[in-house]
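Q: Please take a close look at one part of this structure for me, and tell me how that part relates to the rest. I'd like a single connected walk-through rather than a list.

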Amino acid sequence: MIQLSDIEQDALGESFNLALGQAAAVFADLVNDEIQLSVPMVEILEREVLVKRLEELTGKKTAQDLCCIAQHYVAGNAFDTDTLLLFPERGSLEIVRRMLGRSEIQLDQITELEQDALGEIGNIIINSCMSGLANILGTEVIGTLPGVQTIKLANLLDDHPKNEVILVAKIGMTMLTHDVTGYVLFIMDVPSLTAFMSSVRSFFGIPD
């Protein structure tokens, strides 16, 4: 497994912190609420370990329903990443209510309208994150359209091999007045991680 030095972990955390700072400002405007960011947690984990860590972060069992807004980004020939924006299902509906100004939305299911709104929210927030990273790393990134689904935490990473080693940057984004917390995950395989770390070391002047 790839090992990161303390200085490399700090550099990764700062990279994602800068990128998510822009996204938090965008999110705050969308929902007209103050957004608080948690300290970035950057780790290299296997899939099953990540699910357990997310369970610890959310304080929920793996049967908990999550709203997952996912996009895939490619940075030229350098690296690619799956980016996931996660909210508890009921929390995601509260976000839609705030964004659309529709207090009458029932907080028990996601309709096509709410799904479209969540996709737009995710697209804006995640694109802001990736634009921030692109500026830091001096590269252009191209992303897919967002996909929105409700999924069990236990099944969140079923598309990834159980023994795959992935870089995960976890940053909590909390709406202060409504107690809604979401998490942004950046998932990379080993080749992408190696290329990404090379760019990060170059930006922060860290020797190879």
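A: **A close look at helix α5**

The protein chain exposes about 9,900 Å², and 47% of that is supplied by carbon and sulfur atoms (areas by the Shrake-Rupley method with a 1.4 Å probe; for residues, only the protein chains shown count as cover). Please keep in mind that this is a predicted model: local features need pLDDT of at least 70 and side-chain atom pairs count only at pLDDT 80 or more, while totals for chains, interfaces and linings use all residues. Residues are numbered from 1 along each chain as its sequence is written, and side-chain values use heavy atoms, with hydrogens and water left out.

To set the scene, the protein chain has five helices and eight strands (DSSP runs numbered from the N terminus: helices are H or I with at least four residues, strands are E with at least two). Along the sequence they follow the pattern α-β-β-α-β-β-α-α-β-β-β-β-α. Of the 208 residues, 47% count as buried, meaning under 20% relative accessible area, whereas exposed means over 50% and partly exposed is in between (1.4 Å probe, protein chains only).

Now to α5 itself, which runs over residues 190–204. Its 15 residues should span 21 Å at 1.5 Å a residue, and the end C-alpha atoms are indeed 21 Å apart (the expected span is 1.5 Å times one less than the number of residues). Ser192, Leu193, Phe196, Met197, Val200 and Arg201 are its buried residues. They lie on the same side of α5, because they cover an arc of only 165° around the axis (the arc is that of the directions from the helix axis to the C-beta atoms). An α-helix has 3.6 residues a turn, so residues three or four places apart point the same way. Turned away from the buried side is a face that carries the exposed residues Pro191 and Ser202.

The two ends deserve a look too. At the start of α5, a side-chain oxygen of Asp189 comes within 3.1 Å of the backbone nitrogen of Ser192. That pair can be read against the polar contact rule: N or O atoms within 3.5 Å, where within protein one must be able to donate a hydrogen and the other to accept it, and residues adjacent in sequence count only if both atoms are side-chain atoms. Just after α5, Gly205 takes a positive phi of about 70°.

What does the buried side meet? Two of its residues, Met197 and Arg201, touch Glu8, which also touches Gln3, not counting residues up to four places away in sequence (contact means heavy atoms within 4.5 Å). Glu8 is found in helix α1, residues 6–31, and it counts as buried because its relative accessibility is 12%.

Phe196 leads further inward. It is among the residues with the most contacts inside the largest nonpolar core, along with Leu12, Phe16, Phe27 and Phe186; this core has 46 residues. Such a core is a set of buried Ala, Val, Leu, Ile, Met, Phe, Trp, Tyr and Cys residues joined through side-chain atoms within 4.5 Å. At least two of its residues come from each of α1, β2, β3, β4, α4, β7, β8 and α5, and α1 gives the largest share, 11 residues. Apart from it lies another core of 17 residues, including Leu45, Leu50, Ile151 and Leu185.
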